[in-house]
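These are my notes on internal cavities and on the surface of one protein model. I looked up what encloses the empty space first, and turned to the surface afterwards.

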Amino acid sequence: MTRAIGYTFLMMLIPFVTMGQKYTISGHVKDRSNGEVLIGANIYIQGTQKGTATNAYGFYSLTVDQETDTLVYTYMGYRTRKIGLNINHDTTINTELKPASKKLQEVVITDKRPNQNVSSVQMSMDKLTSQTISKIPVLMGETDMIKSLQLLPGVKNTGSLSSGMSIRGGGRDQNLMLLDEATVYNASHLGGIFSVFNTDAIKNVELYKGKIPARYGGRLASLIDIRMKDGNMKRFSGEGGIGLISSRLTLESPIVKNKGSVMVSGRRTYMDAVIRAARELSGNENIIEFPFHFYDLNAKANYRINSNNRLYLSGYFGRDVFSWSINKQNQSSFNWGNYTGTLRWNHLFSKKLFSNFTFLASNYDYLLANELTVGKDEKIFSFEYEAFVKDYSFKADFGYYLNQNNTLRFGIKTTHHDFNVGEVEGQQDTVNFSFKMPKVNSIETALYISNQQQIGDRLSLKYGLRYSLFLNIGPARVNQINDRYEVTGQKSYEPGSIYHNYGGLEPRLAMNYTFSPRHSIKASYSRTRQHLLIASNSNSGTPLDVWISANPNIKPQVGDQYSVGYFRNFFDNQLESSLEVYYKDMQHQVAFDEFAQPQFNPEMIEDLRFGRGKAYGLELLFKKPAGRLSGWLSYSYSRSMRKIRDIQEKDWYPSPYDRPHDLTLVAMFDLTPRISLSANWTIKSGRPLNAPAARYEYGNLVLPYYSGRNQDRMPAYHRLDLGVTIQGKQKPNRDYRGKWVFSVYNVYARKNADAIYFTQGRNHYTTKAMRTTYFTIFPSVSYNFSF
């Protein structure tokens, strides 16, 4: 650890030297059809490996020689553009790239920047666009970003239908999920069957499994960076769809052509409304109501004030609503949801210095209520149970394009966390009652600096350092515990007081050595710290998850990950391949004692156990990113282990996320310009479980005996999904176009074990395992349109 920090500082002290007269070219790269900025577009000097890529806002800056050069602009799925240069001063070049037709895609992929997959210093990162996500067949025809990510190597779902993810052996709360940089604490609809992300509103998503950029932190396992569409700057446009359970509509329009735009996207399930209408029209009260629906609303606006200033405002609002009544006198409801907000100011200080100032807000809350009345609405019992997680953040990020070989990034972020762990208010007859768990307030601040450096034609480095500081803020009541996890007392702290703090350095380092334009080797190391965690004994997650923070009794989790990979491209970069191995060491891991109950437990600390974790594995990927046939084939072998005090007699045991083998095939084929086929097939090891090894008598009871935690495993999971998309004919002088999407989930009706529970067998001393399967084969159809 000391050596890694020292090496990081040493690299930052290397002088950045430039030779000869240089000039800076900067600007933005956009989609010609709608004015959307293109994230990660490549710009390079023709005939060389020298170049750069656009940042998350489509901005680039590149230093070139004073003599004439030719710049090449490329982006996957777009036609390449070349611009000849003959400059003698710093210049701004804003460029628009034209989307390629299907007939041109085979040419475009060979004309992109050579060996981009091989030469990039970044490893353990996957990127998906909304176009790719929309082609992957899923349950009920609802395109789903989270379900698509779960098909990538190193990513495993925490339940067969769950939106929770374990990435490289980490817990489901160890993933930092950002929507336009605002944290999303719960990404699930309907208990995880669907995610909260409407694909129509999403531009792209980047998943970092290994070396997370220094500007991000707070989670051990991964970063999931999701960006919403900015909106069409050229013309009014829209898209939408009608499916089996929901409909969606997205509208985009310029505010001022080529200067500002707005995007609004909505989605709602409607089975509740359809069934309610059928009851009312038929007058048949025997029709059972469907008491559930969810909705999502995404909105974003942006405006370019001038060439140096641009404003963004975006937000997400989504909710699940579940209400039911036994009769008019007994009514209950349960609803939960997220909202996020992002206000951002991009400012260009110079051709080389780019800045981004952002205010962020995020919230997750749930409310469970019940009311019982008699007579004429006389209330005899009621209660409301609510909890929430709120964040308010400010961040300032800077990118300094020092020269052709060095890109410097630095910044600061501070976040105020406000957690209401649980609060109940109610009435029993004429008596009011209430119960409140202590609220949790904290401030989390981080400073970072990083540099991406090219050394010669073969070696590139990316190194950085992050310092994070976590402050516990009063008012608070903190339990005092002894070595046996027993509460011995309680200490109170005044409002606004800082009663505890944690801080530490987080070095990040990555390197790439390119042997030739076709293959390279990469390595990375990163340390991350996590101060927040979910207090839950459920592996797949529920809407009632309780978030807690580090405090005097709970140390922040610390993770160190080491990765090495070999990358090779074939057939003129049309086929990409990679082999990565990794090892993770995790300190201060948290587990619950058996039968622990975190909700409404003021002495929850007595049920927590602490220890270490480790995860290691191998990931093999073959990917064809474009062309008539595209997709990927991946295999991963991984182990995830824990060693927790007072669990498993101090030995290592499989974590709930330990699934050693995972093989996945995703394929998409354009049969004709109007008809495309898609398929995904996956087989993976079953999830660990606790199965009773025997039964024994205790007094008048016969109880199960468990030999250890997670020593058994569910049957292997495998499934095949198929899809067909039929595009409508493109009519002259008409923008409207529709398409039908047909899909079949679990084609061969595999009865996978979604849950296993145990009952008594033929006698008191035998145990019978029972399997629950939620879905077997499930066909779907939807109609999508755009204009």
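**Cavities**

I began with the second largest cavity of this predicted model. I found 26 residues lining the second largest cavity, with L176, T183, G217, K413 and T415 nearest its centre. I then listed the elements that give two or more residues to this lining: β12 (175–179), β13 (182–183), β24 (353–374), β25 (378–403), β26 (406–428), β28 (440–455) and β29 (459–473). By class, I noted nine nonpolar, nine polar and eight charged residues in the lining of the second largest cavity. The volume of the second largest cavity is about 310 Å³.

I next looked up the count, and the structure holds eleven cavities of 30 Å³ or more. For the largest cavity I recorded a volume of about 370 Å³. Its lining consists of 25 residues, of which G164, R172, Y185, N186 and A187 are the closest to the centre. I sorted the lining of the largest cavity by class and obtained ten nonpolar, eleven polar and four charged residues.

**Surface**

I then turned to a nonpolar surface patch of about 790 Å², made by I255, V256, V262, V264, L297, Y303, I305, L311, F317 and W345. Which strand gives the most to the nonpolar patch? I found that β21 does, with three residues. At least two residues of the patch come from each of β19 (246–256), β20 (260–269), β21 (292–306) and β22 (309–327).

I checked one patch member, V264, which lies in strand β20. I entered V264 as partly exposed because its relative accessibility is 39%.

Definitions and conventions: Residues numbered from 1 in each chain as written. Predicted model: local features only at pLDDT ≥ 70, side-chain atom pairs only at ≥ 80, totals over all residues. Heavy atoms only, no water. Patch = residues over 30% accessible without salt bridge, like charges linked within 9 Å, V, L, I, M, F, W, Y side chains within 5 Å. Areas by Shrake-Rupley, 256 points an atom, 1.4 Å probe, with all protein chains shown as cover. Salt bridge = Lys/Arg side-chain N within 4 Å of Asp/Glu carboxyl O. Helix = DSSP H or I, 4+ residues; strand = E, 2+ residues; numbered from the N terminus. Buried < 20%, exposed > 50% of the residue type's maximum accessible area, 1.4 Å probe, protein only. 1 Å grid on protein atoms, 1.4 Å probe; cavity = no way out; pocket = protein on both sides within 12 Å on 5 of 7 lines; lining within 4 Å. Points joined across faces, edges and corners; volume = space filled by probe spheres on them. Nonpolar A, V, L, I, M, F, W, Y, C, P; charged D, E, K, R; others polar.
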